Amino acid sequence: MLLGECAWRSNFDETEAAESLLEREGLVRGYTTTYFMFFSKRPASQVTRSKYAGRVRFLAVNERYGRNSYDE
């Protein structure tokens with residue numbers, strides 16, 4: 001199962017958002033494997049990416065669409 005969260009705000013608490021996403025594991029029964037993705041307007045910090053490496057995949061809009069601007 002893929003569980004995701006989307007934050008289209010310029011600023012948010014990355015740790016709080018990632019922890020909230022991880023807390024949703026097990027909400028839908030019948031799946032033995034859960035993948036977590038966090039989609040955002042701006043890239044997550046390297047500290048946050050390292051902290052949740054292997055657990056949450058972070059994907060910013062510019063990483064998805066190859067854009068240099070966050071506001072296009």
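In this predicted model, Phe12, Phe38, Tyr52 and Phe58 come together as one aromatic cluster. The count of aromatic pairs comes to three. A pair of aromatic rings is described by two quantities, the distance of the centres and the angle of the planes. Several of these aromatic residues return below, as part of the nonpolar core, so the cluster is a handy place to start a tour of the fold: Phe38, Tyr52 and Phe58 are among the core residues.

The sheet comes next. Three strands form an open sheet in the order E1-E2-E3, and their pairing is parallel. Strand E1 and strand E3 (56-60) lie at the edges and have a single partner strand each, so one side of each is left without a neighbour in the sheet. On average, neighbouring strands of this sheet are turned by 20° against each other, with direction ignored.

The two strand pairings can be followed residue by residue. Strand E1 (residues 2-7) is joined to strand E2 (residues 35-40) by six bridges, and the two run parallel. Within this pairing, Ala7 has Ser40 of E2 as its bridge partner. On the other side of the pairing scheme, five bridges link E2 and E3, again in the parallel sense. Here Ser40 stands opposite Ala60 in E3. Ser40 thus appears in both pairings, with Ala7 as its partner from E1 and Ala60 facing it from E3.

How are the strands connected through the helices, and with which handedness? Helix H1 (residues 14-22), together with E1 and E2, makes a right-handed β-α-β unit. A right-handed β-α-β unit is also made by E2, H2 and E3. Helix H1 lies across E1, E2 and E3, and runs at about 145° to E2.

Which residues make up the largest nonpolar core? This core has 12 residues in all: Leu3, Ala7, Ala17, Ala18, Leu21, Leu22, Phe36, Phe38, Ala44, Tyr52, Val56 and Phe58. Two or more residues are given to the core by each of E1, H1, E2 and E3. The largest share, four residues, comes from H1. Ala7, one of the core residues, is in contact with Phe12, Phe38, Phe39, Ser40 and Lys41 when its neighbours within four places in sequence are left aside. Two of these names are familiar from the opening, since Phe12 and Phe38 belong to the aromatic cluster.

Two further residues offer a useful contrast. Thr48 has its place in helix H2 (residues 46-51). Is Thr48 buried or exposed? With a relative accessible area of 6%, Thr48 is buried. Residues up to four places away in sequence not counted, Thr48 touches Glu14 and Phe58. Gly26, by comparison, is found in the loop between H1 and E2. Its relative accessible area is 55%, so Gly26 is exposed. Although 25 residues separate Gly26 from Met1 in sequence, their C-alpha atoms are 9.9 Å apart in space.

Note on methods
Residues are numbered from 1 along each chain as its sequence is written. This is a predicted model: local features need pLDDT of at least 70, side-chain atom pairs count only at pLDDT 80 or more; totals for chains, interfaces and linings use all residues. Side-chain values use heavy atoms; hydrogens and water are left out. Two strands pair if DSSP finds at least two bridges between them. A crossover is right-handed if, with the strands pointing away from the viewer, the path from the first strand over the helix to the second runs clockwise. Axes are lines fitted to C-alpha atoms, for helices over the stretch in contact, and angles run from 0 to 180 degrees between N-to-C directions. Contact means heavy atoms within 4.5 Å. A nonpolar core is a set of buried Ala, Val, Leu, Ile, Met, Phe, Trp, Tyr and Cys residues joined through side-chain atoms within 4.5 Å. Buried means under 20% relative accessible area, exposed over 50%, partly exposed in between (1.4 Å probe, protein chains only). Rings of Phe, Tyr and Trp (its six-membered ring) pair if their centres lie within 6.5 Å; planes under 30 degrees apart count as stacked, over 60 as edge-to-face and the rest as tilted.
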